[in-house]
Amino acid sequence: MRTLIIFFLFLTLQMDSIKLKIQEEFTQLQMIFNGFSKGQFNEKVKFLLWLALHQALPTNSLRHARGLATSALCPICNLHEDTVLHCLRD
Ligand SMILES: [Zn+2]
């Protein structure tokens, strides 16, 4: 029983850590999008950033989660998961 409680506490901490990471990434993307949306930028660029902000870019990570790709890794470096931030920032 004690092991089970410790496991659930560990799981809860892990989930909080993941939530914080997602919030941090969302905030970074929102700051980028707000900066671009105020300027005179092409609508295509604004749309691309809007897709990135809403985690809707068809990255390998998203495609793999939906069963459309065999791997979630970046096709360029093949080292990291192909997330929105990896595509735009890394
Ligand atoms: Zn890469």
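This section describes the fold, the model confidence and the surroundings of one loop residue, T83, in a predicted model.

The chain contains four helices and zero strands. Read from the N terminus, its elements follow the order α-α-α-α. Burial was evaluated over the 90 residues of the chain, of which 8% count as buried. Among contacts with a sequence separation of 6 or more, 22% join residues that lie 24 or more positions apart.

Confidence in the prediction was summarised for the chain and for its elements. The mean pLDDT of the chain is 80, and a value of 70 or more is reached by 73% of the residues. Across the elements, the lowest mean pLDDT, 67, belongs to helix α1, which spans residues 2–38. The highest mean, 94, is that of α3.

Residue T83 was examined in further detail. T83 is located in the loop that connects α3, residues 60–65, with α4, residues 84–88. The C-beta environment of T83 comprises 19 other C-beta atoms within 10 Å, and the residue is therefore classed as partly exposed; the buried class requires 20 or more such atoms. Beyond its neighbours within four places in sequence, T83 is in contact with T59 and S61. A further spatial relation links T83 to P58: the two residues are separated by 25 positions in sequence, while their C-alpha atoms are 9.2 Å apart.

Technical notes:
Residues are numbered from 1 along each chain as its sequence is written. This is a predicted model: local features need pLDDT of at least 70, side-chain atom pairs count only at pLDDT 80 or more; totals for chains, interfaces and linings use all residues. Helices (H or I, at least four residues) and strands (E, at least two) are DSSP runs, numbered from the N terminus. A residue is buried if 20 or more other C-beta atoms lie within 10 Å of its own, exposed if 12 or fewer, and partly exposed in between; C-beta atoms are placed from the backbone. Two residues are in contact if their C-beta atoms, placed from the backbone, lie within 7 Å. pLDDT is the predictor's confidence in each residue, from 0 to 100.
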